[in-house]
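Please open the structure in your viewer and keep the selection tool at hand. The tour proceeds by selections, each followed by a description of what is found there.

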Number of protein chains: 2
Amino acid sequence: MTQPQRRRIPEAAVNRLPVYLQILNNLHATSVLRFSSDELAVLAGVNAAKVRKDLSYLGSYGTRGVGYEVTYLIHQIKRELGLLREWNVVVVGAGNLGCALAKFGGFAPRGFPVVGIVDNDPKKIGQSTGWLTIGDVRNLGKIVRDLNVTIGAITTSTATAQSAVDALIDAGVASILNFAPIVLATPSSVSVRNVDLGVELQILSYYEQMRTEKIEGAKTAKAPSSVSV
Amino acid sequence: MTQPQRRRIPEAAVNRLPVYLQILNNLHATSVLRFSSDELAVLAGVNAAKVRKDLSYLGSYGTRGVGYEVTYLIHQIKRELGLLREWNVVVVGAGNLGCALAKFGGFAPRGFPVVGIVDNDPKKIGQSTGWLTIGDVRNLGKIVRDLNVTIGAITTSTATAQSAVDALIDAGVASILNFAPIVLATPSSVSVRNVDLGVELQILSYYEQMRTEKIEGAKTAKAPSSVSV
DNA sequence: TGTTGTGAACGCTTTCACAGCT
DNA sequence: AGCTGTGAAAGCGTTCACAACA
């Protein structure tokens, strides 16, 4: 009862918190001290009521008639998202993308140091990329335990992605960032985020087609009828 | 009235169609001819009723008691998503990521050829990367018109991302794939898909923390009380 | 018989609207 | 007076359950 009793935040809200955090970090860098839900809503491109509801899941940290404090809210969002500590990442698959992630210095400062990279190709094992030496995927379990890894990034070929995931789960990793264009089979206790540019492009294609058809239609059709908004 | 009167498909369903397409392509490669909503549901990790609803937005292309034909559904999904034609892509920002996208051969075969790449750095302009020569961002309008570009990929630094978007919109591009960790200001007629690994990692962090706390709690607390599911 | 296609019920998310504080 | 915090309403998306039909 002393603790504010952690509620489970709706998934939709969780997905927006990192966006708010990004914006608040920018405001902080610009020496802005306070913000209102209206201001953040404009910057995030959402409704002000949604901002207030989302922030209310963190607790009642605003001041009526005034607004929210930038630094305080940054801290609260970080606390809620679990960003007050570091989460170690291991990359599985030392191809172009995998090595790029290993070399990219942008994750460690954000709290996600890449502490290991592995592959199943004997030619690659032992070579170094950035600060890391490519390890053997068969040692994944040891690496995960020894280096306290909590997040696995799958950058293998599509064909080997599932076995890479199995190895990660076997090693005790429950958070997976998947770059392979495939739906992974995982127990429901495991969190998976898929990053597939093909999917993103195809979704863009749909909306682009909608626009194109509407324009063509307006030019061609005698009576465009009511293209329901 | 001759046309099946294109309905507007719910956004949530549009986001799943590329996933179904991926799976059906795999089935096709494995010489599978037919599938039922149950089978696709298992492969996609969703509910069978959802699969049927989603596919029903395309039209009534299944056969009761039998299922759906793989090749026919692949065609229908492609038609719906606008994948029966090519959509040309221009990359704005010739850094590591931008050049990687330009060199990566995986987009053209999927119907999204990268036909141009531009930057604002005089040192980079004129150099070549893959098949392309880096152009001047000030010529973006001409490039978009001459090469019939419909999709712009933002791979600039965060600081210049907004001006890159403005240039793209000015040039008439209405579909944007944004890799910069920033919320872009765009008119509502423009489609934006954000790809931000930082955001993905932070969301994973949240669920990882939830798991960790639950485990810690179970070990520490006298009475774990009802941690509401 | 087996599977689709779809109304209807349900549950989650968004938005409204305003009481409650500062 | 101004802005937050939040019940209540409205809007969507998901799932159920079964009629329709090959």
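The tour visits the DNA strand and then the interface of the two chains.

This is a predicted model, in which local features need pLDDT of at least 70 and side-chain atom pairs count only at pLDDT 80 or more, while totals for chains, interfaces and linings use all residues. Residues are numbered from 1 along each chain as its sequence is written, chains are lettered from A and ligands numbered from 1 in the order in which they are written, and side-chain values use heavy atoms, with hydrogens and water left out.

Select DNA strand C. It is surrounded by 24 residues, where near means that a heavy atom of the residue lies within 4 Å. Sugar and phosphate make up 60% of the strand's atoms that come within 4 Å of the protein.

Next, select R16(A), one of the closest residues. An N or O atom of its side chain lies 2.8 Å from a phosphate oxygen of DNA strand C. At G62(B), a polar backbone atom is 2.9 Å from a phosphate oxygen of that strand.

Now display α3(A), which provides four residues, the largest share of the surface near DNA strand C; helices are DSSP runs (H or I, at least four residues), numbered from the N terminus.

Finally, select chains A and B. Here 58 residues of chain B contact 57 residues of chain A (heavy atoms within 4.5 Å). Zoom in on R193(B) and E200(A): they form a salt bridge, with the closest N and O atoms 2.6 Å apart (a side-chain nitrogen of Lys or Arg within 4 Å of a carboxyl oxygen of Asp or Glu).

How values were computed
A polar contact is a pair of N or O atoms within 3.5 Å; within protein, one must be able to donate a hydrogen and the other to accept it, and residues adjacent in sequence count only if both atoms are side-chain atoms. Helices (H or I, at least four residues) and strands (E, at least two) are DSSP runs, numbered from the N terminus.
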